[in-house]
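Biologist: Hello! I am new to this structure and would love a close look at a single part of it.

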Protein chains: 4
Amino acid sequence: MSKVIKGGTIVAADRTYEADILIEGETIAAIGPNLVGDEVIDATDAFIMPGGIDPHTHLQMPFMGTTAAETFESGTMAAISGGTTTVVDFVIPDGPDGSLIAALDAWEGRAKPQVVADYSFHMCIVGWNERIFEEMQAVVGRGVNTFKHFMAYKGALMVNDDEMFASFSRCAALGALPLVHAENGDVVAALQQKFLADGVTGPEGHAFSRPPEVEGEATNRAIMIADAAGVPVYIVHVSCEQSHEAIRRARQKGMRVYGEPLVQHLTLDEGEYFNADWDYAARRVMSPPFRNKAHQDSLWAGLSSGSLQVVATDHCAFTTAQKRMGLGDFTRIPNGTGGLEDRMPVLWTRGVTTGRITPNEFVAATSTNIAQILNIYPQKGAILPGSDADLVVWDPKKTKTISAAGQRSIIDYNVFEGVEVTGLPRYTISRGEIVWKDGQNEAVPGRGKFVARRPFPAV
Amino acid sequence: MSKVIKGGTIVAADRTYEADILIEGETIAAIGPNLVGDEVIDATDAFIMPGGIDPHTHLQMPFMGTTAAETFESGTMAAISGGTTTVVDFVIPDGPDGSLIAALDAWEGRAKPQVVADYSFHMCIVGWNERIFEEMQAVVGRGVNTFKHFMAYKGALMVNDDEMFASFSRCAALGALPLVHAENGDVVAALQQKFLADGVTGPEGHAFSRPPEVEGEATNRAIMIADAAGVPVYIVHVSCEQSHEAIRRARQKGMRVYGEPLVQHLTLDEGEYFNADWDYAARRVMSPPFRNKAHQDSLWAGLSSGSLQVVATDHCAFTTAQKRMGLGDFTRIPNGTGGLEDRMPVLWTRGVTTGRITPNEFVAATSTNIAQILNIYPQKGAILPGSDADLVVWDPKKTKTISAAGQRSIIDYNVFEGVEVTGLPRYTISRGEIVWKDGQNEAVPGRGKFVARRPFPAV
Amino acid sequence: MSKVIKGGTIVAADRTYEADILIEGETIAAIGPNLVGDEVIDATDAFIMPGGIDPHTHLQMPFMGTTAAETFESGTMAAISGGTTTVVDFVIPDGPDGSLIAALDAWEGRAKPQVVADYSFHMCIVGWNERIFEEMQAVVGRGVNTFKHFMAYKGALMVNDDEMFASFSRCAALGALPLVHAENGDVVAALQQKFLADGVTGPEGHAFSRPPEVEGEATNRAIMIADAAGVPVYIVHVSCEQSHEAIRRARQKGMRVYGEPLVQHLTLDEGEYFNADWDYAARRVMSPPFRNKAHQDSLWAGLSSGSLQVVATDHCAFTTAQKRMGLGDFTRIPNGTGGLEDRMPVLWTRGVTTGRITPNEFVAATSTNIAQILNIYPQKGAILPGSDADLVVWDPKKTKTISAAGQRSIIDYNVFEGVEVTGLPRYTISRGEIVWKDGQNEAVPGRGKFVARRPFPAV
Amino acid sequence: MSKVIKGGTIVAADRTYEADILIEGETIAAIGPNLVGDEVIDATDAFIMPGGIDPHTHLQMPFMGTTAAETFESGTMAAISGGTTTVVDFVIPDGPDGSLIAALDAWEGRAKPQVVADYSFHMCIVGWNERIFEEMQAVVGRGVNTFKHFMAYKGALMVNDDEMFASFSRCAALGALPLVHAENGDVVAALQQKFLADGVTGPEGHAFSRPPEVEGEATNRAIMIADAAGVPVYIVHVSCEQSHEAIRRARQKGMRVYGEPLVQHLTLDEGEYFNADWDYAARRVMSPPFRNKAHQDSLWAGLSSGSLQVVATDHCAFTTAQKRMGLGDFTRIPNGTGGLEDRMPVLWTRGVTTGRITPNEFVAATSTNIAQILNIYPQKGAILPGSDADLVVWDPKKTKTISAAGQRSIIDYNVFEGVEVTGLPRYTISRGEIVWKDGQNEAVPGRGKFVARRPFPAV
Ligand SMILES: [Zn+2]
Ligand SMILES: [Zn+2]
Ligand SMILES: [Zn+2]
Ligand SMILES: [Zn+2]
Ligand SMILES: [Zn+2]
Ligand SMILES: [Zn+2]
Ligand SMILES: [Zn+2]
Ligand SMILES: [Zn+2]
C-alpha cells in the first residue's frame with residue numbers, strides 16, 4: 001500500500017520547494033506534483049523534512065557505577081516523538097582489554113528487540129592492544145565506520161596521546177572516522193580534587209572543574225594528532241568558543257575537522273548549575289558542562305558559517321535517584337542529560353524562528369550533514385527517490401511547553417522544562433511507517449533496523 | 001527526440017553515484033538505472049556534472065578607454081569548450097549619472113544575438129542618485145537580483161561609503177544581493193602615483209600599487225557596511241589571506257558573507273609580473289593582482305572549509321595590442337585576463353587531482369553554490385529531474401597542454417599557456433543540446449537564453 | 001630649597017624598589033637611600049610614581065555649537081588632584097581651510113595663563129591643502145610632533161582616505177606620529193538618520209548608531225593607510241574588541257600601531273545609556289560610546305599583554321545644561337565626558353587591586369609609555385636623575401567615594417559618581433612643587449609649562 | 001681602581017642617550033656627563049648596552065648517551081666574546097627519581113671552577129614524587145626560581161600532563177616560574193618510527209618528525225595547564241607561528257605567558273636539513289628544528305609587538321664526531337647546536353640593521369626582559385647606578401664573517417658559518433672587569449659568580 005504526502009513544502013538541505021512525495025513500502029518512490037497513493041498524509045501548511053538523525057546517544061549505557069535509565073525502547077520512542085528517525089549509539093567495550101566484538105554483540109542484543117527507530121553504532125576505543133587493532137577491521141565489517149576516543153574520564157574510559165595516534169592511524173588505514181570526546185582528563189581530575197578539597201561538593205563544582213580551556217586544549221590536541229595520522233576527525237559535543245576556535249583554525253589550514261554542538265549547549269547556560277535546588281542542578285550535570293551566552297553565540301555562528309556541521313544531544317539520561325549518587329561529591333553524579341525528544345523543536349524555535357539559521361541549515365544540521373559525514377547518505381538524510389522514507393511533516397505553527405509530565409522519555413525530569421517551542425512534528429514517518437501522529441506513538445518495539453555504514457576509501 | 005547519458009558516474013555537490021540521465025527537450029526528465037532515449041551519449045569512465053556557471057565575466061566590456069576584445073560569441077564559445085554553460089556578465093551604466101535600464105538594454109542588445117551559452121546579468125552601481133534608487137527596482141523586475149559596487153577605479157567606477165550604504169540598504173529592501181570589488185581606491189591611486197613618480201612604470205608597478213592589505217581593508221569595510229545595512233554581501237575576486245580573513249571573521253560572527261576566488265589567483269603567482277617580457281607581464285595585469293603561494297594556500301583552504309564558496313574567472317580579455325596602451329605607464333594597461341575556457345580543467349587539475357578539494361566540492365564551487373547564491377537553483381547548478389539539462393560529461397583521464405594556439409577564445413595569448421591539465425569535458429550539453437564534443441563547438445550564436453533571477457525575500 | 005621624599009617605595013615601569021628621592025628645583029637630583037633635603041615629604045607606606053600624563057584632553061574645546069565648560073584652569077586643577085601632572089590637548093583649526101598656526105596660537109593663548117599642570121599639544125588635521133602641508137612643518141617646529149585625524153564627525157572634522165594618506169605621508173617625512181579617531185563617519189551619519197527616522201531620539205540612539213563594528217572598521221582602515229604611507233599610527237580611544245583585534249592583527253605583522261583605551265571604556269558599560277533619566281544618560285554620551293563587559297575584558301587584556309599601551313580620558317566635559325542641547329535629538333548632544341581627576345584612582349582600583357595589571361604596568365600605562373610614544377621621555381614619565389620632578393606619592397590604602405560634590409572639576413556631575421576608589425594621591429608634585437596635598441590644591445594658574453616634543457627621525 | 005666608559009651612547013631598553021659610566025669595583029657607580037675614573041674605556045662611536053644574558057644553555061650536558069662537548073669554560077668564553085655576560089644553564093636530575101639537590105650540587109661542581117661569565121641555573125623536573133615536591137622548596141632556597149618541563153623526549157626527560165599540573169601548582173605555591181619545552185613527545189616518537197620505517201634515516205627525518213603543529217599543540221597545552229594551576233609560564237625555544245599563535249591567544253585573554261625564540265630559528269631555515277652533506281645537516285639537528293621563512297617572520301613580529309620577549313640560543317653543542325652517533329638513524333643524532341658566541345651579532349645584523357627591531361628592543365630581548373622575567377633585574381639587565389657593571393661596548397660598524405675557524409667555542413663547526421655580521425662588541429665588561437677586548441679574552445676560569453634568583457611572591 002502506497003502513501004502520498006500532499007500539500008506540503010519540502011525543505012531539503014539545498015532548497016525549499018513544493019511537491020508531493022510518494023512512498024512505496026519503505027522508500028521514497030517519487031517526488032513531484034499531483035502524486036497519487038493509497039493513503040494520503042496531509043502536509044498542508046507544513047514543511048516536509050528528512051527525519052532527524054541523532055549522531056550521539058547513550059541508551060542504557062553502563063556508566064559511573066549505574067546504567068542510564070533511558071532504554072532503547074523509551075529513548076527511540078522519545079526520538080520519533082520529536083521527529084528523529086535514526087539514532088547512533090556508542091558501544092563501549094568492557095574495559096581497556098575488553099573485546100570490541102563482544103561489546104558490539106551486547107549492544108545489538110540490547111537494542112534490537114527494543115528500538116522503534118532505526119539505529120547505528122559508533123565503537124569506543126578505551127584502550128589499545130593487538131586485539132583491538134585486529135578487531136577494528138571486523139567492526140568496520142559489521143557496518144561501524146566510526147571510532148570514539150575519550151580524552152577525559154581518567155581511570156575509566158580515557159586514552160592517552162599514544163593510543164589515540166595508534167587508533168587514528170588504524171582508522172586511516174580502514175577508512176574509518178575517529179570521533180573524540182575532548183577534555184583534558186588529567187586536568188579535570190586534578191581540578192576535581194582541588195575543588196573537593198576546597199569544600200566545593202555540589203554540582204557547581206562540576207562546572208568549575210571543566211572550564212572551556214580544558215575542552216579547547218583537548219580539541220586542539222585531537223586535531224593535531226589526527227592531522228599527524230592523516231585522517232579527518234569529528235569532535236563530539238563542542239560546547240565552547242575555545243574548542244570551536246581550534247576547529248576553525250584547523251579548517252582554515254585545509255584540515256578536515258567536523259564539530260558537533262549539542263542542542264543543550266546552544267540554549268542552556270552555566271547559570272543552571274547554581275540553582276539552589278541540588279536536584280535541579282545535578283540533573284543538568286553533563287560533560288562538557290553548559291557554558292555562558294558568549295559561547296552559545298559562537299556555536300550558533302558555527303552552524304550558519306559551516307565551521308560546525310551537526311547538532312546532537314549526547315542523550316544519556318539518568319533519573320533523579322541516580323543523580324543522587326553524587327550527593328556530597330559532584331564527581332559521583334552520573335554525567336548526562338536527555339534531549340532526544342526535544343532536539344528538533346528546540347533547535348527550530350531558538351534557531352530558525354530567530355533567524356540564526358535557515359530552515360535549510362536546520363535540515364543540514366539535524367539530518368543531511370550527519371548522513372553525509374557518517375556515510376549513510378542518501379539512504380538517510382535526503383528526500384530523494386530511493387531514499388528511505390524517513391520523513392517528518394513539520395508544523396511550524398504548532399506549539400507546546402516542554403514538560404517532563406508530557407514526555408515519552410521515561411526520565412522524571414527534563415532539562416528544557418518550561419521552554420515554549422514553536423515548530424513540532426505533525427507526523428513522523430520511519431521507512432514509510434507513520435510512527436508518530438497526533439501526539440501518539442504507534443510504533444512496535446523491535447521495528448527499528450540497524451543501519452550499516454560502509455567505510456570511506458582508506459587514506 | 002530524447003537523449004540519454006549512459007554509463008557515467010554522477011557527481012553532484014552532495015554525493016557521487018552511478019546513474020543514467022534522460023533528457024527530454026531542454027530539461028532533465030529522469031535519473032536512474034537503465035534509462036532509454038533516442039540518442040545515447042556515452043559517459044563510460046566519465047563523471048557527469050552540472051554545467052559550470054561562471055558568475056563573473058566582462059565580455060565586450062568598455063573599460064579604460066577600449067573595449068575587451070573577447071565578444072559574447074567568442075567568450076561563450078570558450079566557455080562551453082571548457083564545460084561552462086552559463087555566464088553572468090556585468091552591466092555597467094554610462095557614468096555615475098547613467099541609466100541602469102539603458103545600460104541593461106545595451107548589454108542585452110549586444111549579448112542576445114551572439115551568445116552560445118546561457119547568460120545572466122549583474123548590474124553595477126557606479127554612482128548614486130534618485131533615478132538609480134528608482135531604477136534598481138525595475139532592474140530587479142528584469143531578472144537581475146545582484147548589484148555590484150567598485151571600491152576601486154577612482155575617478156571612474158568607484159563609489160564611496162555613503163553610496164555603498166545607501167545602495168546596500170536599497171538592496172536589502174528589494175531582496176537583492178550586493179557584490180563588491182574590494183580594493184581601497186584612494187590608496188591604490190596614491191600608490192600608483194608614488195610608484196610612477198619613483199620611476200616604476202612597468203607591470204610590476206601594478207602589483208606593487210595594489211598590495212593585499214589594500215584589498216583586505218576594503219573587504220573588511222564592505223562587510224561592515226553590509227552588516228550595518230542588514231544585507232548579506234558577496235566579495236568578488238578574493239585574492240588574498242587578508243581579504244579571506246575579513247570574510248572568515250565576519251562569518252564567525254554569524255554574518256552572511258560570500259567570497260569568490262578566481263582560478264587565476266588560486267594557481268598563478270605574483271612572480272608573473274616580474275617576467276622580463278613586458279607583453280608577458282602586461283597580459284597578466286588584472287585587479288587584484290596575483291599573489292604569492294601563501295595566499296593561494298589560504299584560498300584553497302577556504303574552498304575546502306566553506307569560508308569561500310565559488311570559483312570564477314573575472315574573464316575580461318584584452319589583446320596584446322590593447323595591453324600595450326599601458327607601455328610606459330602601468331596604470332594605463334587595461335585590467336583583465338581570460339580564464340573562461342580553462343577554469344574547470346585548471347581547477348580540477350590543481351584542486352581535485354591533488355586532493356585539496358573533493359569532486360563534490362569542485363561541483364559546488366563551479367556550479368551548485370553559485371546557482372544557490374544567485375537564486376537560480378535548481379534550474380541551474382543541479383542534476384535533478386526538472387533542472388535545465390546543462391551538463392558536462394567530464395573525462396578525468398583526458399589531458400591537454402593549454403595553449404593560445406588551440407583555444408576558442410579570440411585572444412592572442414593565454415595566462416595558463418603551457419599548463420598541463422588532466423580532466424576535460426568529453427561533451428558539454430546546454431539545455432539538452434550537445435554544444436561541444438570531440439573538440440568541436442557545434443553551437444549557433446544566439447542560441448543562449450537569458451536566465452532571469454528572482455529576488456530573495458526582502459530583509 | 002631642596003626637597004626629599006622619604007620612606008616610600010618607588011614604582012617605575014620597569015621595577016619596584018625602596019629609595020628616597022631628592023629634588024633640587026624642578027628636577028630629580030638623586031635617588032637612593034638616606035638622602036637629605038631641606039624639606040621632607042613623607043612617603044611612608046606609600047608608592048612614589050611618575051606623575052600621570054593624560055595624552056588626550058579637550059579643555060575649553062569649541063565643539064558641536066558650544067564650548068566644553070571645563071577650562072584649562074579647572075581641568076588641570078582636576079588633573080593634579082588625581083595625580084596627573086601633564087595633559088596633552090588637541091588644537092583644532094578653524095575649519096578645513098583654517099590655519100594650523102593660528103589655531104596653535106589661539107590654544108596657547110587660552111592655556112598659558114590658566115594651567116596649573118604642564119601641557120603639550122596635538123594638532124588636528126581637519127582638511128587638506130597646500131597651506132596645511134606647509135604649516136605642518138612649522139607646527140613640528142613649535143614642539144608638536146603628533147597630528148590627529150577624525151574619521152568621524154562627517155561634515156565637521158572628518159577627513160577622507162585620500163586626505164589621511166596625504167597627511168600620514170607628510171607625517172612620515174616630518175618624523176611626526178599620526179593619531180586617529182577611528183569610526184566610519186559615513187556609516188555613523190547614516191545610522192543616526194535611520195534611528196532618528198525610527199523615532200529613537202534619546203541617548204540610547206547614540207550608542208545604537210555607533211556600534212563596535214563601525215569603530216573596528218575605521219581602525220583597520222587607518223592602520224592600512226598608515227602602513228601604506230610608511231608611518232606608525234596611534235589609535236585614540238580604543239573602546240572595543242573589534243578595534244583592538246585590528247590593532248593586534250597589525251602588530252602581529254610587525255606594524256607599529258599604538259592603542260589608547262580610556263578609563264571610561266575600561267570600567268563603564270553601555271547599560272548607562274538606558275538609564276531612565278535623560279540627563280544621566282546624556283552626560284555619558286561620548287564617542288565611541290561605552291561598550292559591554294566582553295569589550296572591557298578585551299581592553300584590560302590589551303594592557304597586560306602590551307597590545308594596548310596607554311590609558312587616557314578624552315576629557316571633554318560639558319555641563320548638564322550643555323548636554324540638553326540634544327533633548328529630542330541625540331545627534332545634538334555634545335559628545336564628551338570628564339575623567340581627568342579620576343583616571344588614576346579608578347584605574348588603580350579596578351586594575352591593580354583586582355590583579356588585572358601590576359603596579360608597574362599601571363605606571364607604564366598612565367605615564368611612562370605615553371612619554372615614550374610622545375617623545376618626551378625621560379623628561380616626563382620617569383623617575384630618574386635629571387627628569388622633571390613630576391611625582392605622585394600614592395597612598396594605596398586611601399579611599400574615597402567619587403562624587404561631583406567633592407570634585408575639582410567645575411562640571412555639575414561625574415560619570416564615576418558613587419564609585420569607591422582605593423588608592424589616591426597623598427601628594428602630587430609638579431616640577432618639584434607640591435601642587436596637591438591633604439585634599440588641597442596649592443597651585444597658581446599659569447604655573448604650568450608648555451612641553452615641547454621633538455620629532456622622531458623621519459622615516 | 002675605578003673605570004669610566006667615555007664617549008658612548010647608552011642604549012637601554014627604555015631609551016637611548018649619551019652619557020659616561022663610572023664603574024667602582026664590580027658595580028656601576030654613576031652615569032652622567034664628564035665622569036672621571038682611573039681607567040678610561042673608549043666608547044666613541046659605540047653603543048653601551050647591558051651585557052647580554054642567555055637564558056637557555058646546556059653546557060657539558062649529558063644527553064642522548066654522550067655529553068655536550070662545549071664546557072662551562074669554553075662556553076662562557078664564547079659568551080663573553082659575543083657580548084653575553086650571564087648564562088642560565090639547565091640542571092638535569094639523574095632520571096625521574098633523581099635528587100634535585102644532588103643534581104644542583106653536581107652542576108655547581110662542574111660550573112664553578114670553569115666559568116668566566118656569571119651563571120645561574122634552571123632546575124628540570126623530569127619525574128614526579130614526594131621527594132621532588134619537597135626538594136623544590138630547597139632548590140628555590142638555593143636561588144633557583146625556575147623549573148623546566150619537557151613535553152618531548154619520550155622515555156627520557158618527558159613528563160605527562162598530570163605531572164606538569166602538579167609541578168606547576170607547586171611552582172605557584174613557591175613563587176617559581178615553570179618553563180616548558182613544548183613538543184608532543186608521543187607524536188614525535190610515533191612519527192620518528194613512521195619515518196624510520198619508511199626508510200627516512202637522514203637528518204631530514206628529524207625535521208619531518210617534528211612539524212610545527214606538534215610544537216603548537218604542546219605550547220597550547222602547557223599554557224592551559226599553567227592557567228589551570230594559576231601560574232605564569234615561559235615557553236622555551238618558540239620556533240613557529242603555531243606556537244606563537246597559542247601564546248598570543250593566551251596573552252589576549254590576560255594570561256601571563258612568555259615566549260623565547262632562539263636566534264637560530266629567527267635566521268636559519270629548514271632548507272638546512274636537505275643539505276647533501278650529512279655532517280652539514282646533522283650539525284643543525286636541534287629540537288624544535290629550523291622552520292621556513294613564514295615562521296621567521298612571525299617570530300620577528302613577536303619581538304617587535306611584545307608577544308615574544310626574549311632571544312636565547314639553547315646552546316648545546318656537540319662535535320661532528322658526536323653527531324655521527326646518528327648515522328643511519330636520525331633519532332640518535334644528539335640534539336643541539338651552538339649560538340652563544342653569535343647570538344648578539346647575528347640578532348643585531350638581521351634585526352636592528354634591517355629595521356625589524358629597534359636598538360632598544362634589541363637590549364630588551366637580549367638582556368633587560370630576561371633579567372626581569374628571571375627576577376634578577378636590575379642587578380643584571382640594566383644600566384643603573386648600583387647594577388652589576390655587566391656592559392658591552394658595541395661597535396655598530398665592526399664586521400666579521402662568522403667562522404668556526406675563528407670562534408672561541410671548542411666545537412669544530414658553526415651553524416652560522418659564512419654569515420657576515422655588522423655590529424660586534426668592542427669590549428665586554430663583566431662586573432667591572434674587561435673580559436674581552438681586541439678580539440682577546442682575558443678572563444680567568446672560575447671568575448664567574450653564581451647569580452641567585454629570589455622567588456616571586458607566591459600566587
Ligand atoms: Zn562525551
Ligand atoms: Zn557522549
Ligand atoms: Zn573587479
Ligand atoms: Zn570583474
Ligand atoms: Zn575622538
Ligand atoms: Zn578626543
Ligand atoms: Zn628543549
Ligand atoms: Zn634546551
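Biologist: Could you start with the sheet in chain C: which residue of β6(C) stands opposite C:I5?

Modeller: Happy to help! Please keep in mind that this is a predicted model. The residue you are after is C:I41, which stands opposite C:I5.

Let us build the sheet around that pair. C:I41 belongs to β6(C), and the strand β1 of chain C, residues 3–6, is joined to β6(C) by four bridges. These two strands run parallel. In general, the strands of a sheet pair through backbone hydrogen bonds, and they may do so in a parallel or an antiparallel way.

Stepping back, the sheet in chain C is an open one made of four strands, and their order is β5-β4-β1-β6. Its pairing is mixed. At the edges stand β5 (27–32) and β6 (39–42) of chain C, and each has a single partner strand, so one side of each has no neighbour in the sheet. From one strand to the next, the twist averages 25 degrees.

Now for the chain that carries this sheet. A turn of 180 degrees with a shift of 0.0 Å along the axis lays chain C on chain B, with an RMSD of 0.0 Å. This is the relation of a two-fold axis. Of the interface residues of chain C, 100% are also interface residues in chain B, so the copies meet through the same surface. Some chains stay apart, though: chain C does not touch chain A, and the nearest C-alpha atoms of the two are 9 Å apart. Likewise, no contact joins chain B and chain D, and their closest C-alpha atoms also lie 9 Å apart.

Chain C has a ring worth finding too. There, C:R110 lies over the face of C:W107, at 4.4 Å from the ring centre. You can look for a similar arrangement in chain A, where A:R170 lies over the face of A:F133, at 3.8 Å from the ring centre.

Rings also meet one another: over all chains, the structure holds 52 aromatic pairs. One of them is formed by B:W128 and B:F133, an edge-to-face pair with 6.4 Å from centre to centre and 85 degrees between the planes. B:W128 counts as partly exposed because its relative accessibility is 26%, and B:F133 counts as partly exposed at 31%. Chain A offers a group of rings to end on, as A:F47, A:W348, A:F362 and A:W394 form one aromatic cluster.

Notes
Residues numbered from 1 in each chain as written. Chains lettered and ligands numbered in written order. Predicted model: local features only at pLDDT ≥ 70, side-chain atom pairs only at ≥ 80, totals over all residues. Heavy atoms only, no water. Pairing = 2+ DSSP bridges. Axes fitted to C-alpha atoms, helices over the stretch in contact; angles between N-to-C directions. Least-squares fit on C-alpha atoms with pLDDT ≥ 70 in both. Contact = heavy atoms within 4.5 Å. Phe/Tyr/Trp six-rings, centres within 6.5 Å; stacked < 30°, edge-to-face > 60°. Buried < 20%, exposed > 50% of the residue type's maximum accessible area, 1.4 Å probe, protein only. Lys NZ or Arg CZ within 6 Å of the ring centre and 35° of its normal.
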